[in-house]
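Subject: Structure handover

Hi,

Here is the structure I promised to pass on. Have a look at it first, and then read my notes underneath.

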Amino acid sequence: MKSRLKKTIEALRKNGFGVKFFEDRKKLISKIKSYIKDYQNIGVGGSVTLTELGIISLLEKEKKNIIYHGLPGLTPGEKENMRIKQLTCDLFLTSANAITEKGQIVNRDSIGNRICASVFGPKKILIVAGENKIVKDLKAGLERIKKVSAPLNAKRLNLNTPCVKKGICQDCDSEERICRITMITEKKPKYSDIEVFFIKGNFGF
Ligand code: SF4
């Protein structure tokens, strides 16, 4: 295991998070498959990582009750209900925008459902992240969001924000701005059960 990854895993454990590392997708999926057996109502935060790894398809295959506002065909009201239900689901799956070598988890959100459910409410919270999410420190984490995560997410969502054209954050005042709340989780929140699954390679943004 590379030293940077090792350092981050050790720091996360020191900060109270459970951590596992997977060499490849097959091993990760096999673990998640056994893991989700205990949970029926599974919330999903918007995450390219989860989609790329086929985790949402796995939930469908396992006939779980998927609480995800990104499911096709939902009305605006149904999407809102999904976001609210995510806060009290059995298991909440998401990724992170950045994880520092000091074991801090950094996220920026537009609505707030993802970051709220990733720290409090669900019985269990599982964060799945590729090695590309590891950054040296908080400054690098926030920079990563401005240079990578937010512009690519704005593009994915077809938004008319300046970062889509420029490829980097312009600290906009757009009504479509997705950068509205920034959360840094320094230690595992007192009563929450949070685990981080790292997977070798680059996934999501
Ligand atoms: S603040 Fe605006 S320009 Fe900057 S990344 Fe967010 S949406 Fe894009």
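Below is what I found, going from the ligand to the strands and then to a few single residues. Keep in mind that this is a predicted model.

**Around the ligand**

I started with the ligand, since you will probably go there too. There are 15 residues around the ligand, and those that come nearest are Ala150, Cys163, Cys169, Cys172 and Cys179. By class, the shell splits into nine nonpolar, three polar and three charged residues. Two helices, α7 (138-156) and α8 (162-166), each supply at least two residues of that shell. The largest share, four residues, comes from α7.

**Strand β10 and its partners**

Next, have a look at β10, which covers residues 194-199. Five of its six residues are buried, so the strand is largely enclosed by the rest of the structure. It has β1 and β7 as partners. With β1 (residues 18-22), the pairing is parallel and made of five bridges; in that pair, Lys20 stands opposite Phe197 of β10. With β7 (residues 124-130), six bridges form, again in parallel, and the bridge partner of Ile125 is Ile194 in β10.

**Strand β4 and the core**

Is β4 covered on one face or on both? Both faces of β4 are covered. Leu91 and Leu93 on one side are buried, and so are Phe92 and Thr94 on the other. Three bridges join β4 to β2, and the two strands run parallel; here Ile42 stands opposite Leu91. Four bridges join β4 to β7, also in parallel, with Leu93 opposite Leu126 of β7.

Some of those names come back in the largest nonpolar core, which has 47 residues. Ile42, Ile55, Leu91, Leu93, Ile127 and Val128 are the ones with the most contacts inside this core. What does Val128 touch, leaving aside residues up to four places away in sequence? The list is Thr49, Leu50, Leu53, Ile55, Leu93, Ser95, Phe197 and Ile199. So if you centre your viewer on Val128, you will find Leu93 of β4 as well as Phe197, the residue opposite Lys20, among its contacts.

**Helix α5**

In α5 (residues 76-86), the buried residues are Met82, Arg83 and Gln86. Why do they sit on the same side of the helix? The three cover an arc of only 100° around the axis, and that puts them on one side of α5. What the buried residues of α5 pack against is β2 (41-44), β3 (65-67), β4 (91-94) and α6 (113-117).

**The four-stranded sheet**

There is also an open sheet of four strands, in the order β8-β5-β6-β9, with mixed pairing. Its edge strands are β8 (134-135) and β9 (181-185), each of which pairs on one side only. One pair I looked at is β6 (residues 105-109) with β9: five bridges join them, and they run antiparallel. In that pair, the bridge partner of Arg108 is Thr182 of β9.

**Three single residues**

Asn153 lies in helix α7, the helix that gives the ligand shell its largest share. Is Asn153 buried or exposed? It has 23 C-beta neighbours inside 10 Å, and the cut-off for buried is 20 or more, so Asn153 counts as buried. In sequence, Asn153 and Ile115 are 38 residues apart, and in space they are 16 Å apart, C-alpha to C-alpha.

The other two are worth a look for their backbone angles:

- Asn158 is in the loop between α7 and α8. Its phi is near 60°, a positive value in a residue other than glycine. With 8 other C-beta atoms within 10 Å, Asn158 is exposed.
- Asp171 is in the loop between α8 and β9. Its phi is near 45°, again positive in a residue other than glycine. Asp171 counts as exposed, with 9 C-beta neighbours inside 10 Å.

That's everything from my side. Over to you!

Cheers

Technical notes. Residues are numbered from 1 along each chain as its sequence is written. This is a predicted model: local features need pLDDT of at least 70, side-chain atom pairs count only at pLDDT 80 or more; totals for chains, interfaces and linings use all residues. A residue is near a molecule or strand if its C-beta atom, placed from the backbone, lies within 6 Å of it. Ala, Val, Leu, Ile, Met, Phe, Trp, Tyr, Cys and Pro count as nonpolar, Asp, Glu, Lys and Arg as charged, and the others, Gly among them, as polar. A residue is buried if 20 or more other C-beta atoms lie within 10 Å of its own, exposed if 12 or fewer, and partly exposed in between; C-beta atoms are placed from the backbone. Two strands pair if DSSP finds at least two bridges between them. A nonpolar core is a set of buried Ala, Val, Leu, Ile, Met, Phe, Trp, Tyr and Cys residues joined through C-beta atoms within 7 Å. Two residues are in contact if their C-beta atoms, placed from the backbone, lie within 7 Å. The arc is that of the directions from the helix axis to the C-beta atoms.
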